[in-house]
Amino acid sequence: MTEVSIEVRLKAPDPAAMTALSTLKRINPDTCPGRLERYDYWRFIRPLDGKRTVEEIVLHFHDIVNPNKQSWSFSGGSGILLSGDEELVWAEVLVTDKVDSISENWTDILRRNKYEIEKVMYSVLWRLGYSSGTSMAEARERTLALTITSYRDHGLLANPVSQNINLLDQA
Amino acid sequence: MTNKPLVAVLQFPGSNCEYETASVVRESGMDAMIFRWNQLKELSDSRPDAFILPGGFSFQDRVRAGAVGAKEEIMDLVFNEALSGKPVLGICNGAQILVESGLVPGWENGRIESALAANHIHGRSGYLSRWVFLRANERALKISPWLRMIGNDPIPVPIAHAEGRFVFAEKDNNRISECMALTYCDENGIETADYPVNPNGSFMNLAGIMNREGNVLAMMPHPERAFWMWQIPPWIPGTWGDRRNSLQHDPALAGSKGPGALFFRSLADYFELISREDQ
């Protein structure tokens, strides 16, 4: 397996997501989603034993997942973290620092601890849920506009000068 | 009522330097009032002559440092006052808010053209708290109301931040000199791109940038924490360290002003000049 991804979220409501949603409601009321979720998104590139290695890492390093306050799942897996709200149309966007110390430091830490892995990449995954009448194309378009901070009153979730923005193919 | 210029110090949820900032403004001969982020009417009615966005962690740095504060309604007022020419200073988290507001570098008003990214330099990343040296750009010395008395000597000022690395889109590299205000250097004024002289990997060793007119300054170091000479550590090298050490056992140390005072004296001097011109 070349890449294993995990999603990590707070067990309690995420204050960053709540603040982001209330800010978006104020600056972009017409295009704002009904729900906004935030996840730490970790990509493990070429782990020796695939998911088994990643699970070992996650259970060992509580800085990646603190089991007292966070839950996690493999990305694209059983979806235990998904809200399960069938009424919403979800679009997902990944925000990654162009120069990223977190990823570099974790790659070093894991290698020092003898984990056979090429590298680790850290991003923030934002999941935006729109009302059921919204088409997927529209949801994706709105998500991109709300993510890219181009002007003071346009966009919030990423600063394109220092961050890469990737709209994911499917929610 | 006084005729002193009024400087508004804005307090966002999570600001933590507003009281000392207001204090050093008053020590510099101006009036200072602290306004909470939701006191828009009070701020507007007070008609301040200048604005300072102090350091801290506005909105707990949620989403991105300064990103949420920049969208607050109170920043509409600051934005318009800045465009009218009033002096605006952002210190540390205040600088992050100004960058996220599009007030600096301000090549196109309100457009986000730079970022204060996470510290990243060979051998170092994460939160940094240390003393650094700064020098002011020549054009900035002439046009910025915050820098007119800084002079050419390198000045020691502390930094304390995790996201202080100025970055720009590559297409803008040829016009960054327009916005250069403060750069990191050593005690002799020599710039290098290596730690610890450049503590965070900032592009072109930038510690502070300004808008084209120079009235808006966003700087990562904390001048209010170097306002008094006794705040300067005795081991600091260079002329400021010598001055500090010469006062080590002198009662005058208690009342002597440090290098950070120059930023606030510059503003007071700017207002005096305007006042003289008006008469």
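A disulfide is taken here as a pair of cysteine sulfur atoms within 2.5 Å. By this rule, the predicted model has zero disulfides over all chains. Two cysteines of chain B illustrate the point. The sulfur of Cys179(B) has its closest cysteine sulfur in Cys185(B), 18 Å away, which is too far for a bond. Seen from Cys185(B), the closest cysteine sulfur is in turn that of Cys179(B), again at 18 Å and too far for a bond. Both residues are nevertheless tucked away from the surface: Cys179(B) counts as buried at 1% relative accessibility, and Cys185(B) counts as buried at 2%.

A third cysteine brings us to the backbone. Cys92(B) is not a glycine, yet its phi is positive, at about 55 degrees. Cys92(B) sits in the loop between S4 and H4 of chain B and, with 5% relative accessibility, counts as buried. A counterpart in chain A is Lys114(A), again not a glycine and with a positive phi of about 70 degrees. Lys114(A) belongs to the loop between H3 and S5 of chain A. Is Lys114(A) buried or exposed? With a relative accessible area of 72%, Lys114(A) is exposed.

Helix H4 of chain B, residues 93–101, comes next. Nine of its nine residues are buried, so the helix is largely enclosed by the rest of the structure. Among these buried residues are Ile97(B), Leu98(B) and Val99(B), but also Asn93(B), Gln96(B) and Glu100(B). What do the buried residues of H4(B) pack against? Their partners, in chain B, are helix H3 (74–83) and the strands S3 (50–53), S4 (88–91), S5 (114–117), S10 (165–168) and S13 (216–219). Just after the helix, Gly102(B) adopts a positive phi of about 75 degrees. A little further along, Val104(B) and Pro105(B) are joined by a cis peptide bond with omega of about -5 degrees; Pro105(B) lies in the loop between H4 and S5 of chain B. Another cis peptide bond links Tyr195(B) to Pro196(B), with omega of about 5 degrees. Pro196(B) falls in the loop between S11 and strand S12 (206–210) of chain B.

Chain B also offers a fully enclosed loop residue. Ile176(B), in the loop between S10 and strand S11 (180–185) of chain B, counts as buried at 0% relative accessibility. Beyond its neighbours within four places in sequence, Ile176(B) is in contact with Trp107(B), Phe168(B), Phe203(B), Met204(B) and Leu206(B). Ile176(B) and Ser114(B), 62 residues apart in sequence, have their C-alpha atoms 10 Å apart.

Turning to the interface, 26 residues of chain A are in contact with 31 residues of chain B. The two chains bury about 2,200 Å² between them, with 54% of that area on carbon and sulfur atoms. Tyr151(A), Arg152(A) and Val161(A) supply 34% of the area that chain A buries against chain B, more than any other three residues.

A closer view of the interface comes from Leu157(A) and Arg64(B). Leu157(A) lies in the loop between helix H4 (136–147) and strand S6 (163–167) of chain A and is buried, with a relative accessible area of 1%. Its contacts outside the four-place sequence window include Ala20(A), Val95(A), Trp126(A) and Leu128(A) within chain A, together with Val63(B) and Arg64(B) across the interface. Leu146(A), also among those contacts, is 11 residues away along the chain, with a C-alpha separation of 6.9 Å. Arg64(B) itself is placed in the loop between S3 and H3 of chain B and counts as buried at 11% relative accessibility. On the chain A side, Arg64(B) touches Thr149(A), Leu156(A), Leu157(A), Ala158(A), Asn159(A) and Gln163(A), and in chain B it touches Glu100(B), leaving out residues up to four places away in sequence.

Finally, the largest pocket has a volume of about 1,200 Å³. Its lining comprises 44 residues, with Arg38(A), Ile102(A), Tyr122(A), Val63(B) and Glu163(B) nearest its centre. Elements giving two or more residues to this lining include S1, H1 and S2 of chain A, as well as H4 and S5 of chain B. The largest share, four residues, comes from S5(A). By class, the lining has 20 nonpolar, 13 polar and 11 charged residues.

Key:
Residues numbered from 1 in each chain as written. Chains lettered and ligands numbered in written order. Predicted model: local features only at pLDDT ≥ 70, side-chain atom pairs only at ≥ 80, totals over all residues. Heavy atoms only, no water. Buried < 20%, exposed > 50% of the residue type's maximum accessible area, 1.4 Å probe, protein only. Contact = heavy atoms within 4.5 Å. 1 Å grid on protein atoms, 1.4 Å probe; cavity = no way out; pocket = protein on both sides within 12 Å on 5 of 7 lines; lining within 4 Å. Points joined across faces, edges and corners; volume = space filled by probe spheres on them. Nonpolar A, V, L, I, M, F, W, Y, C, P; charged D, E, K, R; others polar. Buried area = accessible area lost by both parts, 1.4 Å probe.
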